[in-house]
Amino acid sequence: MTITETPAKANVPAGAAAAAWSHGTGAKCRFCATPLRNTFVDLGMSPLCQTHIEPHQLNHMEPFYPLHAWVCHNCFLVQLEQYVAPSDIFSDYAYFSSYSDSWVEHARRYAQMMIGRLGLTAKSKVMEIASNDGYLLQHFVQAGVGCLGIEPAANVAQAAVAKGIPTTVKFFGEKSAREIAAEHGQPDLLLGNNVLAHVPDINDFVKGMKLLLKAGGVITMEFPHLQQLMEQNQYDTIYHEHFSYLSFVAVERIFGHHGLVLFDVEELPTHGGSLRIYARHTEDVSKPVGERAMALRNRELAKGFERVETYADFEERVKETKRGLLEFLIDAKRKSKKVVGYGAPGKGNTLLNYCGIRRDFLDYTVDRSPHKQGRYTPGTHIPILHPDVIRETRPDFVLILPWNLKEEIMQQVAFIRDWGGRFVIPIPTVSVL
Ligand SMILES: [Zn+2]
């Protein structure tokens, strides 16, 4: 769709400096359709992050796609150009169904809070987009609140239904929103966690939410906050599955275009710093825009999130972070130190490929997921082993790839201190603990 009435706040730096980081490929903004010409960061070519290689595939070719993020100079949405069909990316979706204990606890606290805040009862209806195996809705079901999960992967939806969580198998958008409203009614609470950034057609998705939400209802969504990505150099959270990188002001503009107002927001520590936004129909004046929403908007404006120059120096900081990590690894290897990895998360794939870290630097990495053990990291072909191997091989350094879980991991693997082993955290700049 085309959007004609986006605010004209275009503000492009003039002269040679601007030309150096402005070279569009003809792609258009996925929200406002303005041709993209400002690079946010170009991470080169990278394979899809969930395509862990099996031993018999080691001699095969692997597809690599550009990992190039842009910022729209008209609406300031940071985004990837679409390089891969979403159906190719999400074919292995079932992997996302395993959640850590701390994430289930996060969901439980959220459910409890929302039941209290909205006064939800057996007569209310809660719907979750990308509800997965029902890890979150189960807390509403237990409290006797009516629920419906909306989940695109049939096998994952089946797991939810088996647990007693009503779930419909649908990819969410305008069309399915109409079908759901006709069949199941409209929700008092419509929620989606870590889905907004992964949606290829953000207009179709938000339009669907507007259609589905009951008059007087509330939407909540959680997504990683662009401010944290930029300030903490979290460039490795950029991967092909993750289409948009969201600031509060960009989301406010997109929701506003579709008749939804953000009236509250919370800042959460999850995924390196996330936002939980609260939205309502523009027509619903019973919920005034609160203090926290106004404060965050003002803070982002003060930090320049609506000036394209603000985004211009991120790429250089990313390069410097890479140089720092490689400097550390080169130095360690020159001293014949043994370095291994911990984890094989999506963000690890971006980091390893962008920095060019293969078995020349990391002997192996480990992961608790049995789906990944015995396989190899995409592109870089580092073997993924069982965590017990760390105890057997006594490495000098363990590079923690899922740095958002570093506290948890350093506790689990604290035994490396017995032989003088140390942890290495790559983000925001390399640090040895
Ligand atoms: Zn735009």
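Two strands are taken to pair if DSSP finds at least two bridges between them, and strands (E, at least two residues) and helices (H or I, at least four) are DSSP runs numbered from the N terminus. The views below show a predicted model, in which local features need pLDDT of at least 70 and side-chain atom pairs count only at pLDDT 80 or more, whereas totals for chains, interfaces and linings use all residues. Residues are numbered from 1 along each chain as its sequence is written, and side-chain values use heavy atoms, with hydrogens and water left out.

**View 1. An open sheet of four strands is arranged in the order 1-2-3-9, with antiparallel pairing.** Strand 1 and strand 9 (244–245) stand at the edges with a single partner strand each, so one side of each has no neighbour in the sheet. The antiparallel pairing of strand 1 with strand 2 extends over six bridges, and Met 45 has Pro 66, in strand 2, as its bridge partner. In the loop between strand 2 and strand 3 (78–80) is Phe 76, a residue other than glycine whose phi is nevertheless positive, near 65°. Phe 76 has a relative accessible area of 1% and is therefore buried, a term that means under 20% relative accessible area, with exposed meaning over 50% and partly exposed in between (1.4 Å probe, protein chains only).

**View 2. The largest nonpolar core contains 57 residues, of which Phe 40 and Ile 357 touch the most other members.** Such a core is a set of buried Ala, Val, Leu, Ile, Met, Phe, Trp, Tyr and Cys residues joined through side-chain atoms within 4.5 Å. Helix 11 (residues 314–334) contributes the largest share of this core, seven residues. A second, separate core has 44 residues, among them Leu 36, Ile 129, Ile 150 and Ile 254. With neighbours within four places in sequence left aside, Ile 357 is in contact (heavy atoms within 4.5 Å) with several residues, including Leu 325, Leu 329, Leu 352, Thr 380 and Ile 382.

**View 3. Helix 12 (residues 346–355) is mostly covered, with 10 of its 10 residues buried.** The buried residues of helix 12 include Lys 347, Asn 349, Asn 353 and Tyr 354, and the buried residues of this helix pack against strand 1 (38–46), strand 2 (65–71) and helix 11. Just after helix 12, Gly 356 takes a positive phi of about 70°.

**View 4. The axes of helix 11 and helix 12 come within 10 Å and cross at roughly 80°.** That crossing makes helix 11 roughly perpendicular to helix 12, a class that covers angles of 65 to 115 degrees, whereas those under 35 count as roughly parallel, those over 145 as roughly antiparallel and the rest as oblique. The axes are lines fitted to C-alpha atoms, for helices over the stretch in contact, and the angles run from 0 to 180 degrees between N-to-C directions. At this crossing, Val 318, Lys 319, Lys 322, Leu 325 and Leu 326 of helix 11 meet Leu 351, Tyr 354 and Cys 355 of helix 12. By class, this contact of helix 11 with helix 12 comprises six nonpolar, no polar and two charged residues, where Ala, Val, Leu, Ile, Met, Phe, Trp, Tyr, Cys and Pro count as nonpolar, Asp, Glu, Lys and Arg as charged, and the others, Gly among them, as polar.

**View 5. An open sheet of seven strands has the order 6-5-4-7-8-11-10, with mixed pairing.** Strand 6 (167–169) and strand 10 (260–268) are the edge strands, each pairing on one side only, and neighbouring strands of this sheet are turned by 20° against each other on average, direction ignored. Strand 5 (residues 146–151) and strand 6 run parallel and are joined by three bridges, with Ile 150 standing opposite Thr 168 in strand 6. Helix 10 (residues 291–302) lies across strand 10 and strand 11 (274–281), and runs at about 80° to strand 10.

**View 6. Two loops contain backbone features at Ser 336 and Pro 428.** Most residues other than glycine have a negative phi, and most peptide bonds are trans. Ser 336, in the loop between helix 11 and strand 12 (339–342), has a positive phi near 60° and counts as exposed at 65% relative accessibility. The peptide bond from Ile 427 to Pro 428 is cis, with omega near 0°, and Pro 428 has its place in the loop between strand 16 (422–425) and strand 17 (431–432).
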